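Visitor: Please take one part of this model and look at it closely, following how the strands there are put together and what surrounds a single residue within them. I would rather have one connected account than a list.

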Amino acid sequence: NDASIAYYDKETGDCSSSNVFESMNKGLKLGDTGQDMLVTKDKIYISVSTSGVVYVTDLNCAVIDSIKSEKNGQLQEPRSFTTYGNYVYVTYYDGFVGRINRKTNKLDEKQVQVGKYPEELKIANGKIYVANSGQMYGDDVSVIDINTFSKIKDIKVAQNPTKVEVDRLGNIYVI
């Protein structure tokens with residue numbers, strides 16, 4: 001399960017760079033199960049779930065930092081990202097949401113416990129909405145207050161929620 005990142009040049013239609021990460025990092029392989037990417041104006045955040053690492057790269061995929069986190073002696077598996085203000089928020093498959101300081105690339109010690117096997121998360125109305133898949137048996141979305149970074153409640157939804165979207169009015173949609 002060696003993941004890779006390809007680059008598509010929309011101007012030329014070229015997709016010859018099929019392993020940008022490895023070529024930009026002197027043979028460093030991305031790892032097992034590339035899960036999500038978040039591109040900001042100056043960085044890319046890449047979650048490699050089974051390898052338990054978040055890579056922070058420049059826009060050419062050259063590694064600036066790597067972030068690994070453990071809970072109870074186990075390496076956490078990062079899944080999905082969203083960003084707001086000075087932070088990048090990340091779900092961990094062991095049931096937590098963490099936040100990475102965008103200036104320092106450091107993960108806060110405080111993490112918020114949510115439901116089992118959280119997947120995608122989105123921000124709306126001053127809150128973070130987290131789909132808790134429960135590995136197909138979950139049935140809730142956790143709601144986190146973004147200012148206090150603490151869980152407010154869980155909302156019951158259909159079984160196995162994995163995706164969250166927000167419309168321009170702040171309405172939340174869950175698949």
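Guide: Two strands count as paired if DSSP finds at least two bridges between them. In this predicted model, strand β10 (residues 87-92) and strand β11 (residues 96-101) run antiparallel and are joined by six bridges, with V88 standing opposite I100 in β11. These strands belong to an open sheet of four, in the order β9-β10-β11-β12, whose pairing is antiparallel; its edge strands, β9 (78-84) and β12 (112-113), each pair on one side only.

The part to look at closely lies in another open sheet, where four strands follow the order β13-β14-β15-β16, again with antiparallel pairing. At its edges stand β13 (118-124) and β16 (150-156), and because each has a single partner strand, one side of each is left without a neighbour in the sheet. From one strand to the next, the twist averages 25 degrees.

Following the sheet across, β13 pairs with strand β14 (residues 127-132) over five bridges in the antiparallel sense, and here A124 is found opposite K127 in β14. The antiparallel pairing of β14 with β15 extends over six bridges, and A131 faces V141 of β15 across it. On the other side, β15 and β16 run antiparallel and are also joined by six bridges, V141 having I155 as its bridge partner in β16. The hairpin formed by these two strands has four residues between them, and F149 takes a positive phi near 50 degrees there.

Within this arrangement β15 is mostly covered, six of its six residues being buried. D140, S142 and I144 point one way from the strand, whereas V141, V143 and D145 point the other way, and all of them are buried.

That brings us to D145, which lies in strand β15 (residues 140-145). Which side chain of opposite charge is nearest to D145? It is K127, 5.5 Å away, and K127 is the residue of β14 that stands opposite A124. A salt bridge requires a side-chain nitrogen of Lys or Arg within 4 Å of a carboxyl oxygen of Asp or Glu, and D145, although buried, has no salt bridge. Leaving aside neighbours within four places in sequence, the contacts of D145 are with G126, S150 and I152; of the strands described above, β16 spans residues 150-156.

How values were computed: Residues are numbered from 1 along each chain as its sequence is written. This is a predicted model: local features need pLDDT of at least 70, side-chain atom pairs count only at pLDDT 80 or more; totals for chains, interfaces and linings use all residues. Side-chain values use heavy atoms; hydrogens and water are left out. Buried means under 20% relative accessible area, exposed over 50%, partly exposed in between (1.4 Å probe, protein chains only). Lys and Arg count as positive and Asp and Glu as negative; His and the chain ends are not counted. Contact means heavy atoms within 4.5 Å. Axes are lines fitted to C-alpha atoms, for helices over the stretch in contact, and angles run from 0 to 180 degrees between N-to-C directions.
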